[in-house]
Amino acid sequence: MKKQNVKSPILSRRSVLMGFALVGGALLVGPVSQMAKAVSEKDFGKFGPFLKITSDGIVTVISKHCEFGQGSHTGLAIIVAEELDADWQKVRVEMAPANMALFGHTKLKIQITGGSSTISNSWDQLRRVGASTRAAFVQAASELWNVPAVEIMVDKGVVSHVGSGKTTEFGKLLRRAVEITLPAEPVLKTPDMFKLIGTENTFRLDGKSKTTGTEIYTEDVQLPHMLVAMVVHSPRFGGKLVRFEAQAALALSGVVDVFEIPSGVAVVAKNTYMALKGRAALQATWDDSAAEMRSDFEIMADHKAIANGDVAGEWGAFETVGDIGSAFKGGYETMACSYDFPYLAHSAMEPMNCVAQVEGKRVKLTFGAQSQTGDQRIIAAIIGCKPDEVEIETLHAGGSFGRRSVAISDYQSEAVYIAKKIGGFTPIKLIWTREDDSAGGSYRAMAYHKIKIEVDKSGYPLAWQHRLVSESILAGTQFAAGVRNGVDRTVVEGVQGSPYFKAIAAVDAQVSMPKSPIPVLWLRSVGSTHTAMAMEHTIDQLARRADINPVEYRRVLYKKAGNERHLRMLDFIVEKSGWGTPIEDGWVRGMAIHECFNTVVANVVELRMEDGEPHIRRVILAVDCGLAISPDQVRAQMEGGVYYGLSFALYGEVKIDKGIVQNTNFDTSRVLRMEDAPIVETHIMPSANRPSGAGEPGTPVVGPAVANAILALTGKATVSLPFVKS
Amino acid sequence: MGFILNVNGKDMTVETEGETPLLWVLRDELRLTATKYGCGIAQCGACTVLADGEAVRSCQMAVEDLADVKITTLEGLEGKHPLQKAWLKHDVAQCGYCQPGQIMSAVALLSETPDPTDEDITDAMSGNICRCGTYQRIRAAIKDAAKNSG
C-alpha cells in the first residue's frame, strides 16, 4: 500500500472488488471514470481477477500472495508480463483483497503465503492470464487492421503488423480488446521466447517505495480517529489474569481506556508513546496454576527422557524401510549421535501489529496478513459473522519468516477484541513492542534428534534408527487435520523423504510430539530448520568415521539411491566451491546439501575459529529451483536465507527461566549483523524444469555446513545449537 | 508543552511531553513514518536519523533536547541521494523495513568518509540490523554510491 492510498483504504479496496481500476505503484489516480471515460468500469474485469490494464498502458498485476521481502509480488508480475509481452517499465503490482474463491492457493485451497510455493502454485495460472490477454490484444488488432492474427507481433506493450507497418499500444487497443472473448487454453511461450523470465531485465517493483520511505507498513498506518493499543500479557505461557489496577494508567493524559481481553489487559491511548506509558503504569496479577513453569533446559530434559524411553511417549512412524528388527544384533559396528535444538523466535524487523475496525458484525483488518483465510475464520468466530465477511486489506510486512501466518491468529485476535470493545468502526492499531514479540511465543519448537546407525565394513549405513521429539505445529490449531497417524509432517520433513534412506536397507524413523502451553510455529524452512542439521551433520560424521571424503561418501549414497538430482548438485557445488583444492592454514571447508520445498541447495562454507567462535568468511551456494523467474531475486533469497539460517545457527535461542522468557530484545538476543556476515556467492543450476521455491530453501543448509567444517577442523561433532552460547 | 523542531529543513511545532522520544514525535505527530520502530533501545538502528549530520537513534532522543538540532529523516533526502539510486541499482530492499535506518547510517558514513574501506563500512553499519539479510547488497550499494559521487 502506498501512502496516497491510506487516506481512503476502504474506498480503494472496495474499488478493486467492484471493478474500478486504480493505477498501482507510486501513483494513485482516482476512479477509472477520470482516466478513461470511453471504457466502462466493469470492462476492466474482463481480463480476470489477476490483471488490470488501463488506457494509459499501465499493466497492474493483482497478487494473491503477500509481500514480506521474498519478492513474491515482483515474481508474479514477471510471469504475467512475460506471457503478455508487456513493457516492464509499465508494470505495477497490487495486493489482492482477502477472497478465498478468487485468490486461493491453487493447491492448498485457502489464501495463504507459505511453503515457498508462491511461484510454483501460480505458474500455470498466471501464464494463462498473460497469454490469454495477449491473445485478446492480437485479435483486436487483427480485426482493426484486417490482417491475419498470426502476422501480429507484441513486444513491450506495443502491438504491430510488419507488413502494413501499423502499430499501436495496449492502452489504445483496450476498448476493442475487452470485447474479445479470452481463449480458454491460450498458447504459452516456449522458454526460448522468454524476454523477462530468467533474465536480468527486471527489478523489484517495491524497490522505490522501500528506498524512499513511502511504503506503508502496518506500523505506519494513520487513519482518522485512530487509537493505539498495547496489551499486558501474562509473563508465563498459560497464565490467567486474576486482577488488574487501572487507575494509574487511566490517570495519564492520552490514555483512553483500560480493559480485559482474553489474552490480557488492553491499554488504549491516543498515540504510541501514551500507550507505552499507560501500559507501564498498569499492574496485573496472574494465576500460574495452568502455566508453563519449566525452564528451557528442563523442557529439553523432558524431550530427551521421551527419546530415551525413560518416559512413555506416543510415537508415530514416518519412515519405514526394510526390517529394522534384524539390525543392531551385533556383528556390525554402530554409531550414535544426537542433537538438541532450542526454541527460536522469528524476530522480524517489524514486530507484530494489526489495525482493526469493528462495528457490530462489520469488521476490517489492515495489516501484513500472510494467512488471510485462516485469519478470516478465527476473526469471524469472534465477531459472529461469516469468514468471507471479514475484510482484510493486506499491507507489505516488515518481515515475517512465518510468524505472520500464525495458525491461532494471536495478535490479530487481540486487535479485534479491542476494536470490538471500542466499537464504532474506530481504527485500533495494536502494537506489540519488540519485547512483546520476543516473549509472545509461536516459536520454532524445541527439538531433539537421537540417531543410531549400523554401518557395514566400508563404513556405509546398513540400518538407521531415528527418534525425533518436538512439539507439533499443527495439532490443536485449525490445521490439526494435517496431523496423521501421530505424525505432523511439518515437524519431520527433511528426515522424512531424505535421499539417503533410499540407499539404506533398514530405516525406522519415528516422532513423538509432546504438548506444552508454549505455542510453536513454522519458521523459515520449517522442519528443515533442524532436520537438515540432523541428516547432513550425521552424514559427515559417518564419512569421517570411515575416513572417506564427505563428497565421495555422499556420491556413493546418492548413486545407490538413484538420485540424479542430488548427484548433479554435488558435482556442481564441487566445481563452484573449489572443494578439495588447498586453502590457507587455519581455514577449513564444510559442505551440506539439503532439499526443502522441492528445491535443492548446497553450501560450502570457509571457516576458521576465532576466540573459540566459528568465523565464516565465505559461503559458496548452489541452488536448483527449476527455472529461475528472476535470477537476481533468487540470489537475494539465497543471500538472505544464508544470513537468516546462520544467525539462528550461531546465536538463536529463546532462553526461558521458570517459564519466563529472558532474552526479549536485541541486547540479549544476538542476531547476525554486518560484521558477522560472510560473502555469499550464489550459483543457480541452469534448469528448464518447472519453478519451485526460493524463499526458504536457502535457510537450513548453512548450519550443518558450519558444523561439518568445525568437525573437519577440530574432530568434534556438534551436539547442540546454537554454536555460540551466551 | 510546545516544542519547535527543525526537521528536513523546516521548523515544525509539536505539542507533547518533553521526554517523548523523537521517534514517536516523527511518526505519530509529524507523520514522517519512514523512520521505523524496531527495538526502542538503540540496538537495531531502524530509527536512525541524522542530527546535525550525525547518525543517531531517534528512539533515545528526547524532544526537549533538540531545540537547536537539525534533524534529517529519509524523507528529507527526497529520493535524490546517490545512495538511494545505488540501493535501487542493487535491488537492496527485501521487506524494506530496516532500509530507512540503513540508508541514514550510510549517509552519515559517506558524509564523513567519502571513500570508505570495507572496514569503515562494517564499523558504520553493524549497528543496523537487517533480518532479511541484505548486508552484502548494502555494502555493494555504499561502495557504488561512493564511487559515483567521488
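Which residue of β2(A) is the bridge partner of Leu51(A)? In this predicted model, the bridge partner of Leu51(A) is Val61(A), and this pair introduces the sheet to which both strands belong. Three bridges join β1(A) to β2(A), a strand that spans residues 59-63, and the two run antiparallel. With β3 of chain A, these strands form an open sheet of three strands in the order β1-β2-β3, in which the pairing is mixed. The edges are occupied by β1 (51-53) and β3 (91-95) of chain A, each of which pairs on one side only. Direction ignored, neighbouring strands of the sheet are turned against each other by 25° on average. Helix α3(A) lies across β1, β2 and β3 of chain A, and runs at about 130° to β2(A).

At the level of domains, the assignment for chain A gives domain 1 as residues 3-212, domain 2 as the two segments 218-290 and 352-431, and domain 3 as the two segments 298-342 and 443-714. The C-alpha centres of domain 1 and domain 3 of chain A are 40 Å apart, and the contact between these domains brings together 17 residues of domain 1 and 20 residues of domain 3. On the side of domain 1 of chain A that touches domain 3 of chain A, α3 (72-84) and α5 (118-145) of chain A each supply at least two residues. The largest share of that side, four residues, comes from α3(A), the helix that also lies across the three strands described above. By class, this side of domain 1 of chain A has six nonpolar, 10 polar and one charged residues.

Within chain A, a helix pair may also be described. Helix α16 (residues 550-561) and helix α17 (residues 564-577) of chain A have axes that come within 9 Å and cross at roughly 160°; α16(A) and α17(A) are therefore roughly antiparallel to each other. The crossing in which α16(A) passes α17(A) is left-handed. From α16(A), the contact is made by Val551(A), Arg554(A), Arg555(A), Tyr558(A) and Lys559(A), and from α17(A) by His566(A), Leu567(A), Leu570(A) and Val574(A). Divided by class, the residues of this contact of α16(A) with α17(A) are five nonpolar, one polar and three charged.

Chain B is assigned two domains, domain 1 (2-76) and domain 2 (77-149), whose centres, taken over C-alpha atoms, are separated by 20 Å. Their contact takes 16 residues from domain 1 of chain B and 15 residues from domain 2 of chain B. The elements that give two or more residues to the side of domain 1 of chain B that touches domain 2 of chain B are β3 (48-51) and β4 (54-57) of chain B, with the largest share, three residues, coming from β3(B). That side of domain 1 of chain B has eight nonpolar, six polar and two charged residues.

The contact between the two chains takes 45 residues from chain A and 40 residues from chain B. On the side of chain A that touches chain B, at least two residues each are supplied by α7 (207-212), α9 (272-280), α18 (631-651) and β28 (679-684) of chain A, and α18(A) gives the most, with seven residues. The residues of this side of chain A divide into 17 nonpolar, 14 polar and 14 charged.

Terms used:
Residues are numbered from 1 along each chain as its sequence is written. Chains are lettered from A and ligands numbered from 1 in the order in which they are written. This is a predicted model: local features need pLDDT of at least 70, side-chain atom pairs count only at pLDDT 80 or more; totals for chains, interfaces and linings use all residues. Domain bounds come from an automatic or database domain assignment. Two residues are in contact if their C-beta atoms, placed from the backbone, lie within 7 Å. Ala, Val, Leu, Ile, Met, Phe, Trp, Tyr, Cys and Pro count as nonpolar, Asp, Glu, Lys and Arg as charged, and the others, Gly among them, as polar. Axes are lines fitted to C-alpha atoms, for helices over the stretch in contact, and angles run from 0 to 180 degrees between N-to-C directions. Angles under 35 degrees count as roughly parallel, over 145 as roughly antiparallel, 65 to 115 as roughly perpendicular and the rest as oblique. A crossing is left-handed if the near helix is turned anticlockwise from the far one by less than a right angle, and right-handed if clockwise. Two strands pair if DSSP finds at least two bridges between them.
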